[in-house]
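Hello,

Here is the structure I promised to pass on. Please have a look first, then read my notes below.

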Amino acid sequence: MKPKTKEKIPELQLVRAMAILAVLMVHATSYATVQLTNSSLYVVYNALNVLMKYGTPVFIALSSMVLFYNYKDRPMGRQLLSRFYKQRLLYIVLPYVMFSLFYFCLSLMASSSEP
């Protein structure tokens, strides 16, 4: 039996978008904070970098909230836990391992001594 679908919370999309922009800003300003230490713009880049570091904790909080929201009314049992972890294994761990192996092999080929 498939559980009924919960109502979406549209405000979460706004929070998620703000977190995405914050993470992008951290990545965009990180190089400048290292390279422009003697520049007058260093203070601006460093301030943006530091102020936008809220993005990652917001993603963690959002993930926890959505998991709680989706699973709070379901009876906890072996079947629910088994399905939950199988889905995570299939959709998160497996692609992560596959791409890690791919990039590892790619880096081995790129660093080979052959021309």
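A word on terms first: helices here are DSSP runs of H or I with at least four residues, numbered from the N terminus. By that count, Thr33 sits in helix 1, which covers residues 11–35. Please keep in mind that this is a predicted model.

The overall picture

The protein has 4 helices and 0 strands. Read from the N terminus, the order is α-α-α-α. The C-alpha trace spans about 60 × 45 × 20 Å along its principal axes. The radius of gyration is 21 Å, whereas a compact globule of 115 residues would have one near 13 Å.

Of the 115 residues, 11% count as buried. The protein exposes about 9,900 Å². Carbon and sulfur atoms supply 69% of that area. Among contacts with a separation of 6 or more, 59% are between residues 24 or more positions apart.

On charge, there are 12 positive and 4 negative side chains. The centres of the two sets lie 9 Å apart.

Two threonines in helix 1

Is Thr33 buried or exposed? Thr33 has a relative accessible area of 14%. Buried means under 20%, so Thr33 counts as buried. Leaving aside neighbours within four places in sequence, Thr33 is in contact with Tyr42, Tyr45, Asn46 and Asn49.

Thr29 is also placed in helix 1. Its relative accessibility is 2%, so Thr29 counts as buried too. Not counting residues up to four places away in sequence, Thr29 touches Tyr45, Leu48 and Asn49. Which side chain is joined to that of Thr29 by a polar contact of 3.0 Å? The partner is Asn49. Tyr45 and Asn49 thus appear in the contacts of Thr33 and in those of Thr29.

A glutamine in helix 4

Gln87 lies in helix 4, which takes in residues 78–110. Here the relative accessibility is 33%. Buried stops at under 20% and exposed begins over 50%, so Gln87 counts as partly exposed. The side chain of Gln87 makes a polar contact of 3.5 Å with the side chain of Arg88. With neighbours within four places in sequence left aside, Gln87 is in contact with Tyr71 and Ile92.

Where to look

Start with Thr29 and Asn49, whose side chains share the 3.0 Å polar contact. Then move to Thr33 and its contacts, Tyr42 among them. Finish at Gln87 in helix 4.

Best wishes

Note on methods: Residues are numbered from 1 along each chain as its sequence is written. This is a predicted model: local features need pLDDT of at least 70, side-chain atom pairs count only at pLDDT 80 or more; totals for chains, interfaces and linings use all residues. Side-chain values use heavy atoms; hydrogens and water are left out. Helices (H or I, at least four residues) and strands (E, at least two) are DSSP runs, numbered from the N terminus. The radius of gyration is taken over C-alpha atoms; the globule rule is 2.2 Å times the number of residues to the power 0.38. Buried means under 20% relative accessible area, exposed over 50%, partly exposed in between (1.4 Å probe, protein chains only). Contact means heavy atoms within 4.5 Å. Accessible areas come from the Shrake-Rupley method with a 1.4 Å probe; for residues, only the protein chains shown count as cover. Lys and Arg count as positive and Asp and Glu as negative; His and the chain ends are not counted. The place of a charge is taken as NZ of Lys, CZ of Arg, CG of Asp or CD of Glu. A polar contact is a pair of N or O atoms within 3.5 Å; within protein, one must be able to donate a hydrogen and the other to accept it, and residues adjacent in sequence count only if both atoms are side-chain atoms.
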